[in-house]
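Colleague: I'd like a close look at the cysteines in this one, and then whatever you can tell me about the residues and the chain around them. Here is the model I mean.

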Amino acid sequence: MTTRASLVLALFAALAAAGPDPAPEPGIVGFHVEPLAVLSARQKADLGVTGDRGVVVAAIVEKGPADVAGLKLGDRLLRFGGNDVPDLVTGADEARHLWRVATRMMLGNARSGETIRVVVARDGQERTLPLLAVSAAEMHRLQADEAWTELPALADAGPPEPLLIDFQGLPEGTLVPAKLHPYEGRWRVLRDPEGAGVLRQDRMILPWAVALAAGKGCCYRDGKATVRFMPLSGIADASGGIIFRAQDPLNYYLVRPNALEDNFRVYVMKDGVRTQLATVTVTPPERNTWHVIEVEFKGPVFRAKLDGRDVVEARDETFASGWCGLWTKADSASLFDDLRVDPE
């Protein structure tokens, strides 16, 4: 049986320093920022901000360090731990990449248990907020879905069988079906405008919300997985995807589109570290519209489509078989329906 403790240990063992005097554990601050220079008019309206200069808080993890400290969406971040926050003047790709690297390094300098002075501008006034960074394990605990149950053993799954989870016949607000194990996020069944049952994930997560379909007949080596996906909202991110060949919530393959980006990508996730395998340029999927994500996997070759076109292909040999599932990132609010897996 895979336990939450063992998963957290697997993800963060590499961060532990060797020797008798280990370095302090990296701390998590629980918020995401964006430069105004790259935000669309719609994103600015959602945050209640204007202008093209400055950096604003775009997403906050519920009950996380930033939330407890009193940060608000739309706050202009001025200083973090005594450092001035770098601004971005142009939205050019290279400049944006360098800005993200610098900002991540600054926010990533926090240490677990450290109190950081965060200075923001809100309603025309500067405010200094003390933020207590937490350990990665604590952040996982804060983001956990209360419906999480331990995964069955992959070795006990038996021969693969066709799978369809369509969320029909379930009362609104219930937890997901028994075969779907939500790891982090808030995965709930609700009714769409036409009265059909769908699955929604809408909790802000750093970095990813994961739900795996696991149990008898659900371990797949080769096959095809499809799902209907509707991006609803998100300022930091507006994505959703299919997980396949998952060993657990930290080790799997992923194919995902993003309503805020013009790409469709395949990734491998190893011990919680994501590596891009392939990407293709696409028209971003429209919000509040159903789209179809599908992926075929046979041996080391993967072939994915978005809405029956926009093909992206990848090759990798990290995982030979495993569970399938669903995925979102950051502050994405997304709907899913008709998760189907057909073994080959």
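How many disulfides does the count come to?

Modeller: The count comes to 0 disulfides. Keep in mind that this is a predicted model. Take Cys 218: the nearest cysteine sulfur is that of Cys 324, 8.6 Å away, and Cys 218 is in no disulfide. A disulfide needs the two sulfur atoms within 2.5 Å, so 8.6 Å does not qualify. Seen from the other end, Cys 324 is in no disulfide either, and its nearest cysteine sulfur is that of Cys 218. As for exposure, Cys 218 counts as buried because its relative accessibility is 1%, under the 20% cut-off. Cys 324 is also buried, with a relative accessible area of 1%.

Now for strand β17, which covers residues 291–298. His 291 lies in this strand. With a relative accessible area of 6%, His 291 is buried. Its side chain makes two polar contacts you may want to check on screen. One goes to the side chain of Asp 307, at 2.8 Å. The other reaches the backbone oxygen of Thr 289, at 3.4 Å. If you set aside neighbours within four places in sequence, His 291 is in contact with Val 227, Arg 228, Phe 229 and Pro 231, with Pro 285 and Glu 286, and with Leu 306 and Asp 307. So Asp 307 turns up both as a polar partner and in the contact list of His 291.

Glu 294 is found in strand β17 too. It counts as buried because its relative accessibility is 13%, under the 20% limit. The side chain of Glu 294 is joined to the side chain of Lys 224 by a polar contact of 3.5 Å. Again leaving aside neighbours within four places in sequence, Glu 294 is in contact with Lys 224, Ala 225 and Thr 226, then Ile 242, and also Arg 303, Ala 304 and Lys 305.

Elsewhere, have a look at Ser 135, which sits in the loop between β6 (125–132) and α5 (136–143). Despite the loop setting, Ser 135 counts as buried, at 14% relative accessibility. Ser 135 and Glu 25 are 110 residues apart in sequence, yet their C-alpha atoms are 6.8 Å apart in space. Glu 25 is also among the contacts of Ser 135, along with Pro 26, Ile 28 and Ser 112, once neighbours within four places are left out.

Stepping back to the chain as a whole, there are 5 helices and 21 strands. Of the contacts between residues at least 6 apart in sequence, 67% join residues at least 24 apart; the pair Ser 135 and Glu 25, with their positions 110 residues apart, is one you have already met. Buried residues make up 51% of the 344 residues. The radius of gyration is 20 Å, which agrees with the value near 20 Å for a compact globule of 344 residues. Along its principal axes, the C-alpha trace spans about 60 × 50 × 40 Å. Finally, the accessible surface comes to about 15300 Å², and carbon and sulfur atoms account for 51% of that.

Key: Residues are numbered from 1 along each chain as its sequence is written. This is a predicted model: local features need pLDDT of at least 70, side-chain atom pairs count only at pLDDT 80 or more; totals for chains, interfaces and linings use all residues. Side-chain values use heavy atoms; hydrogens and water are left out. Helices (H or I, at least four residues) and strands (E, at least two) are DSSP runs, numbered from the N terminus. Buried means under 20% relative accessible area, exposed over 50%, partly exposed in between (1.4 Å probe, protein chains only). A polar contact is a pair of N or O atoms within 3.5 Å; within protein, one must be able to donate a hydrogen and the other to accept it, and residues adjacent in sequence count only if both atoms are side-chain atoms. Contact means heavy atoms within 4.5 Å. The radius of gyration is taken over C-alpha atoms; the globule rule is 2.2 Å times the number of residues to the power 0.38. Accessible areas come from the Shrake-Rupley method with a 1.4 Å probe; for residues, only the protein chains shown count as cover.
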